[in-house]
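Student: I should like to learn how to read a few features of a protein model. Could we go through them one at a time?

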Amino acid sequence: MEFWREHRTAIMTVIVVAALLGLARLGMSANDWVVTILRGLSVGAVIFLVAAGFSIILGLMDVLNLAHGALFMLGAYMTWSVYVRPDTIVDLLTPGLLLAAGFALMPVWRQAAARTPARGRRIWPVLALAAAALILVRVGPRLPISIWDPKVYQNSPIVWTQNAQTGMLASLIRPAVAEGGLPIWLTWLAVLAAGVLAALATAGLGRRSGLVRTTGRAALRSLLLFALLIGLAALFFAFNDPLTNVWIALNSNWRFLIAVVLATLAGALLGGLMEATLVRPLYERPIYQIMLTFGLAFIGTEIVRAVWGRTGLTMPRPALFDGTGEGCPATGLGEWWRNHCATILVTIGGEEARIRTYNELFLIVVGLIVLVSVWLLLQRSRLGMIIRAGVQDGEMVEALGINVRRVFTLVFALGVGLAALGGALAAPSMGLSDAMGATLLLGALIALAIGGLTSFAGAAVGSVLVGLLQQFMIKFGALGIKLPFLAEPFKPSPSLVPASTVLLMVLVLLILPQGLFGRKE
Amino acid sequence: MTASTRPGTRSARPQVTRPSWWRAYWAMLLLLLALIALPFVLGLLEGATVGDVLANEAGRSKFMQGLLIEVFLLGLYALSYDLILGVTGLLSFGHAMFFAVGAYTTGILLKSAGWPFGVTVVAVIVAGVLQALLFGVVLLRVSGITFALVTLGLASVFEILIKSREFADFTGADVGLQGIPKPDFLNPSAERLRLYFIILAVTVLVYLFYRRFVNSPPGRVCIAIRENEDRARMLGYNTFRFKLLALIIAGITAAVAGMFYAIYNPIVSPEVTGLGYTVDALLIILIGGMGTLSGALIGAGVFRLLDFYLLKWFGENAAFLLGAIYVALVIFVPYGIVGTWQRRSVAWRRAWRARSGKQ
């Protein structure tokens, strides 16, 4: 009885979902039914990756991160770039490391910023920032970076996708050449100066109250890091071409793995930076966070449009999930592993079901792995304990002497990293477009509202429900539902697919205002 | 010893005494006068006569009137959102529906049903009340962020209905509602100056009404609900009633704004049903200052004019710049234009006086 009371909603949910799935089974054949469920789970997995990060951020910091969809999208586009154009990424390493070198000296800059007289302190950081931006705008186009150009068809992302698909990348990539009359070392020096100026500006803008004291050891450490980054930058510049060649010669599976990892890390870094610089000053003004994150979503979408173009892109699947030749479609997992098939044919109820290995197996497995690992992180680690405690009562955690601010940055990085991972994994299955972020964010919001806004289990259950409902509506849109009181089968039009999830949300919220697994206030 | 004969500690300058209404409203009055004069001034600058402007000759003045009409309508719409969010503290993500219901009701009644304009106005107001009641039913069950999500859901369903092909005969679906027969005396092309002044007058009246409402006992209860709903309830107020009142007022205002939108624009675009349009209202009141009412009007002006001129000057890059400007506004104008002014103006003035006094 105790068990029943505690898990009432969970049990009811399982019963209702099972009943609905059983009902849906009446309307379609067994193979369609299985494939639709798998598709629903796969869409649910992607939604879950976005929703989980969103819900942890909302729970811990009360920040409604409307830029989460845009960051998901950026993750997808970054994956595309690393996967299709490794040469560009290698070219970007040198300037990126030089910019980072400027920020490595942050303790020194903070000390310097604290020593400047109070008068006029507010104007020089802005000037420094403007100078850094000016340098980057002037020098940027002259850097030796080979990049695609959405405005020139021969060099557009679409053509490069095709090249990657046909395996012609290695023969088409040319080493980048620096443009303009500047000697190359001067260009790099300018980039380094921009990094230093930007770091100085950041130090000046983030005025700390009280004294800032940098110990000699910290200064020394930052100097060492500075030297290390510059050395790395020089190294990457010197061995640019060999590195590019090695990378491109890699198997596409490895390239995909690298792309996913890099995009996730870049997303996490971006999230951490976002929290530290932009979100942090706004904890006292919650409603303005909405404006900020919305503005950032705007900017993210525009960046995507400017860099990758307005036309949607596709991303080729890695070879492991792309085989169509001999022995394909496979009849089982073993055969898939041997032949790298794109699909597996399974006979269910006397009819064949075609299961796509990437979409319907790999995504679900990765979703499960992330689910379990984030759950372990939340339940079994010290950080997770702090996060859970912070969700319940942030002030109390702070009172216990824990630096919640640092945890905030970490959690923001984690959440955005998860969204970027979702984007990275969704790129080959859903394709890339400048609207994918907004669409998925809405899906994630609905999933969270259904599951309970700040509940991790709720995020998982809600995402799966939204994914299943969407896919069943799409399937029924093609098949039609035979209703007893209608002569013609009822076919839900495509616009009813989002409407169905929204209606489910409204229904759940009106019955259970906290969502299925939400905490009662 | 009376107060007036006490030795002056403030300043040696003679105090200019102005009536209190002047001190409260001088900026608004000047703005209003400027807006009344603007069509004629623009016309005269261009070389047209007052008669030309009155006869609605095409030109810069007429164009600016159109742009300002859009600003006023956005202002009305944002004002209603400010009443819900800024004054009463209800976060609704379905506000676009309030506006769109007005626009589509007008369009469908005038076009498909062929109703006369006067009856349509009444129907629009009734529709505004009805949708406020619908949101009120939701409000009985949920509050806080859940209310935001349910209203988002309701608005999305409305958006999907508007865009669905099944009702395309009435709503125009994705294309938008076109060919609405406009009443002759409000024709946006032939009688634009009249439309301009009518909408300006409506905006001013609604603004004054809102100010009066916020300063009235029910309005004060709404503010109390924003600050601490539990405490307001403890004091014996039926908070639901006041929230519903705010919703009804906002619903009517937004529906009327939508009605004028349908009359002014050649086409009612389905975009006004979307979440983006709600976010527009949110951005406007955040730019102007939440809960300040006048901030909604000023924010609408900044929002629309910025949007228009950035698009005109920078073309493709406009959206990027707009995003950057929003982020900059959040950081540098922390409480919106009016809000920041109200909080800081005393300190600024004091600093200004101190500085000019020294030199």
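Student: Is B:L293 buried or exposed?

Tutor: Burial is judged by counting neighbours, and a residue with 20 or more other C-beta atoms within 10 Å of its own is called buried. In this predicted model, B:L293 has 24 C-beta neighbours inside 10 Å and therefore counts as buried.

Student: Where in chain B is B:L293 found?

Tutor: B:L293 lies in the loop that runs between α12 (275–288) and α13 (294–314) of chain B.

Student: How should the backbone angle phi be read?

Tutor: Most residues other than glycine have a negative phi. B:L293 is not a glycine, yet its phi is positive, at about 65°. A:D62, also not a glycine, has a positive phi of about 60°.

Student: Where is A:D62, and how is its exposure classed?

Tutor: A:D62 belongs to the loop between α3 (30–61) and α4 (68–84) of chain A. Because A:D62 has 14 C-beta neighbours inside 10 Å, it counts as partly exposed.

Student: How many helices and strands does chain B contain?

Tutor: Chain B contains 15 helices and two strands. Of its 359 residues, 42% count as buried.

Student: What does the radius of gyration say about chain B?

Tutor: The value is compared with that of a compact globule, which for 359 residues would be near 21 Å; chain B has 22 Å, in agreement. Along the principal axes, the C-alpha atoms of chain B fill a box of roughly 80 × 65 × 40 Å.

Student: How far apart in sequence are the residues that contacts join in chain B?

Tutor: Taking the contacts in chain B between residues at least 6 apart in sequence, 74% join residues at least 24 apart.

Note on methods:
Residues numbered from 1 in each chain as written. Chains lettered and ligands numbered in written order. Predicted model: local features only at pLDDT ≥ 70, side-chain atom pairs only at ≥ 80, totals over all residues. Helix = DSSP H or I, 4+ residues; strand = E, 2+ residues; numbered from the N terminus. Buried ≥ 20, exposed ≤ 12 C-beta atoms within 10 Å, placed from the backbone. Rg over C-alpha atoms; globule rule 2.2 N^0.38 Å. Contact = placed C-beta atoms within 7 Å.
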